[in-house]
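Q: Hi! Could you walk me through this one while I have it open?
A: Sure, let's take it a piece at a time.

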Amino acid sequence: MISRRRLLQTGLTLAALPAWAGAANNAASNAAGGVGKGPANGAQNGSPNGTPSAAQNAAPTADALKAATGPNWAPWTGPTLPLVLPDLGGRELKLSAWRGSVVIVSFWATWCEPCRDELPVLSTMAKRHREEGLRLVAVNVGEAPAKISAFLKKTPINGTVLHDRNSAASKKWEAAALPANYLVDRAGTIRFWHLGELNWKSHEIGGVVTRMLRS
């Protein structure tokens, strides 16, 4: 679960979160017990062919938010969302352009310390598994192009950088905390997500990516 202190460290406050996130965070804080490593309640309730039910199209529940802010990946139980954004050169790109690859979509910002820590790790992972079909799409949230470019000169990213200038895409993707990471399979379907920092050196975290590449 994301603590209030960690939200403040990443430049977010509970008041700035979407309404569902603030309510879910409060509910999660008051719930007994820790965050489990399995799917959130209802995560396996979609139809057999993967089509989300009407209930799954709603904003994430408290249980879903707890799972997404835990130590491991959480199943994404909603519909696969469109992503159409410009790169830093102004060229508009769609998530569907990477169909056939496994994609890590990472929402980030230069002021976010966990983002700065994990981007080099993600970049190395994308380079190491490129021949297997892994791609990194790093979506900067709300910063000026000049600031993004200055950061990338010091920290190059082995992937595609997109610009969510007005934060509209991050809101649609329920990225209530940064970094926000999503795993998209070769068919273009969002399979897993996580809010906040992840231990990318963990076998459990990297193993999910490896299994998706091999499936």
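A: Let's begin with a term: a disulfide is a pair of cysteine sulfur atoms within 2.5 Å.
Q: Good. How many does that rule give?
A: The count comes to one disulfide. Cys112 and Cys115 form it, with their sulfur atoms 2.4 Å apart.
Q: And what is the handedness of the link?
A: The link of Cys112 and Cys115 is right-handed, with 80 degrees about the S-S bond.
Q: Are those cysteines buried or exposed?
A: Both Cys112 and Cys115 are buried. Buried means under 20% relative accessible area, exposed over 50%, and partly exposed in between, with a 1.4 Å probe and protein chains only.
Q: Anything I should know about the model itself?
A: It is a predicted model, so local features need pLDDT of at least 70 and side-chain atom pairs count only at pLDDT 80 or more, while totals for chains, interfaces and linings use all residues. Residues are numbered from 1 along each chain as its sequence is written, and side-chain values use heavy atoms, with hydrogens and water left out.
Q: Okay, on to the sheet. What is the strand order?
A: Six strands form an open sheet in the order S1-S8-S7-S4-S5-S6, with mixed pairing. Strands (E, at least two residues) and helices (H or I, at least four) are DSSP runs numbered from the N terminus, and two strands pair if DSSP finds at least two bridges between them.
Q: Which strands stand at the edges?
A: S1 and S6 (160–164) do; each has a single partner strand, so one side of each is left without a neighbour in the sheet.
Q: How does S1 pair with S8?
A: S1 and S8 (residues 190–195) pair in the antiparallel sense over two bridges. Ala74 has Trp193 in S8 as its bridge partner.
Q: Which strands do helices H4 and H5 lie across?
A: H4 (residues 113–128) lies across S4 (102–108), S5 (134–141) and S7 (180–184), running at about 165 degrees to S4. H5 (residues 145–154) lies across S4, S5 and S6, at about 155 degrees to S6. Contact here means heavy atoms within 4.5 Å. Axes are lines fitted to C-alpha atoms, for helices over the stretch in contact, and angles run from 0 to 180 degrees between N-to-C directions.
Q: Switching to aromatics: how many pairs are there in the whole structure?
A: A search finds eight aromatic pairs. One of them is Trp76 with Tyr182, edge-to-face at 5.8 Å centre to centre and 75 degrees between the planes.
Q: What are the cut-offs for that?
A: Rings of Phe, Tyr and Trp (its six-membered ring) pair if their centres lie within 6.5 Å; planes under 30 degrees apart count as stacked, over 60 as edge-to-face and the rest as tilted.
Q: Where do Trp76 and Tyr182 lie?
A: Trp76 lies in the loop between S1 and S2 (84–86) and Tyr182 in S7, so the pair ties together parts that are 106 residues apart in sequence. Tyr182 counts as buried because its relative accessibility is 0%.
Q: What about Phe107 and Trp173?
A: Phe107 and Trp173 form a tilted pair, 5.8 Å centre to centre with 55 degrees between the planes. Phe107 is in S4 and Trp173 in the loop between H6 (168–172) and S7, 66 residues apart.
Q: Which residues form the aromatic cluster?
A: Trp76, Phe107, Trp173, Tyr182 and Trp193 form one aromatic cluster.
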